[in-house]
Amino acid sequence: MPYGILMIILLLSISSSKLSGERREGVARPEFTGFISLKSMGDSMVNNSSIKKFDRLSQKQFDTQFVNEIISGLQCSPFEARAILDTLYKVYSPYFQMNGSLKPGQVLFQVVSIDNSPSLSLAECKQLTVTLTLNDEQEDLHIREQSGVIGLRRHRIQRVCIEAFQQGGVLTVEDLAYRLLNCGQRTICRDLQQLRKNNIIIPLRSTITDMGRTISHRSLIIKLWLEGKEYSDIAKETFHSIQSIMNYVDKFKRVVALSQENYDAHTIAFLVKISVPLVEEYFNIYKNNAAITVHRRKELKSFLSHNDSSAKKKYSHGGCNDD
């Protein structure tokens, strides 16, 4: 006879004997529910053997131990101790939860958040942890063979900067030179200059927030706009917001309009609130760019015709604000 049936018969016989004894004693008892009790007992056994449950229990024990240590060691309240624990998880959670998620050649790296204002110093900026790929065996080996050491370094600059940007952070030239690629800062600047000549914009903190004296990324944005590309496409290609690109284009139009009114570069720079080198750069793009599409020419012509009579009055009041 199967073992399961024997167990059921045994339970029935035990329950029947208990019921008969209870009836003899005149005590009212609930009817037999052996099968339900057997199921609930099985469920209880499964839950008690759950690995996740014990992991949660273990985690709670560690949390409690940490909170108690903070309360006794720092003489603070339970609320303050819990706040310290929450901050600890917030800052160090990427290191606690790695679980083999890093691939060979990847590192966890602390960077400045893209949400920081350019007016903040690095010490005041919000920071976050991102995953960067310093070495990709298959991809990097092929590039090293085709383009040499310099080409490989420039490829890695582009890769790590884009990875940081996609995770909400931005790298700086110092990060690339001293913390990631172990080379001179001038070497990184030469690499960035060559990449810009190839119409490749690297999403660094200086370019994303318009810090520093570099104007090449703005010129490239204007050239892409003159070639007929849409704002959304330019935003994806240059790692800028659509609002920033619209602001660049607006300033470019105003520079062209004022130059048509025979204002000099210093006056235009003062009225439009940009630098003199950028005014000269915008003017040269307008005069020497033969790749301006037909609809962009029409848009510029329409802007110039509508602002021809009122340009002096409008721009003498300051124009629109910067980002």
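User: Is Glu299 buried or exposed, or in between?

Analyst: In this predicted model, Glu299 counts as partly exposed, because its relative accessibility is 27%, and the partly exposed class runs from 20% to 50%.

User: What does the Glu299 side chain pair with?

Analyst: Lys253; the two side chains form a salt bridge, 2.9 Å from N to O. Glu299 sits in helix α14 and Lys253 in helix α11, 46 residues apart, so the pair links distant parts of the chain.

User: And Lys253, buried or exposed?

Analyst: Buried, at 12% relative accessibility.

User: How many salt bridges are there in the model?

Analyst: The count is nine. Glu139, Asp140, Arg156 and Arg159 are joined into one network by salt bridges that share partners.

User: Which distances do you have for Arg159 with Glu139, and for Arg156 with Asp140?

Analyst: The closest N and O atoms of Arg159 and Glu139 are 2.9 Å apart. For Arg156 and Asp140 the N to O distance is 3.1 Å.

User: Where do those acids fall, buried or exposed or partly exposed?

Analyst: Asp140 is buried, at 3% relative accessibility, while Glu139 is partly exposed at 35%. Arg159, the partner of Glu139, is buried at 11%.

User: Changing topic. What is in the largest nonpolar core?

Analyst: It has 30 residues, and those with the most contacts inside it include Ile222, Trp225, Phe252 and Val255. Helices α9, α10, α11, α12, α13 and α14 each supply at least two of the core residues. The largest share is from α11, with eight residues.

User: What does Val255 touch, leaving aside its neighbours within four places in sequence?

Analyst: Val255 is in contact with Ile268, Val272, Ile274, Val279 and Tyr282. A second, separate core has 21 residues, among them Val130, Leu132, Val160 and Val173.

User: How many disulfides?

Analyst: Zero. Cys125 is buried at 8% relative accessibility, and Cys161 is buried at 0%.

User: Which parts of the model have low pLDDT?

Analyst: Residues 1-46 stay under 50, and that stretch has 11 contacts beyond four places in sequence. Residues 318-323 are also below 50, with 16 contacts beyond near neighbours in sequence.

User: What about the average, and which elements have the lowest and highest mean pLDDT?

Analyst: The protein averages 75, with 70% of the residues scoring at least 70. Helix α1 (residues 3-24) has the lowest mean pLDDT of the elements, 44, and helix α6 (residues 173-180) the highest, 91.

Terms used. Residues numbered from 1 in each chain as written. Predicted model: local features only at pLDDT ≥ 70, side-chain atom pairs only at ≥ 80, totals over all residues. Heavy atoms only, no water. pLDDT = per-residue confidence, 0-100. Helix = DSSP H or I, 4+ residues; strand = E, 2+ residues; numbered from the N terminus. Contact = heavy atoms within 4.5 Å. Core = buried A, V, L, I, M, F, W, Y, C linked by side-chain atoms within 4.5 Å. Buried < 20%, exposed > 50% of the residue type's maximum accessible area, 1.4 Å probe, protein only. Disulfide = S-S within 2.5 Å. Salt bridge = Lys/Arg side-chain N within 4 Å of Asp/Glu carboxyl O.
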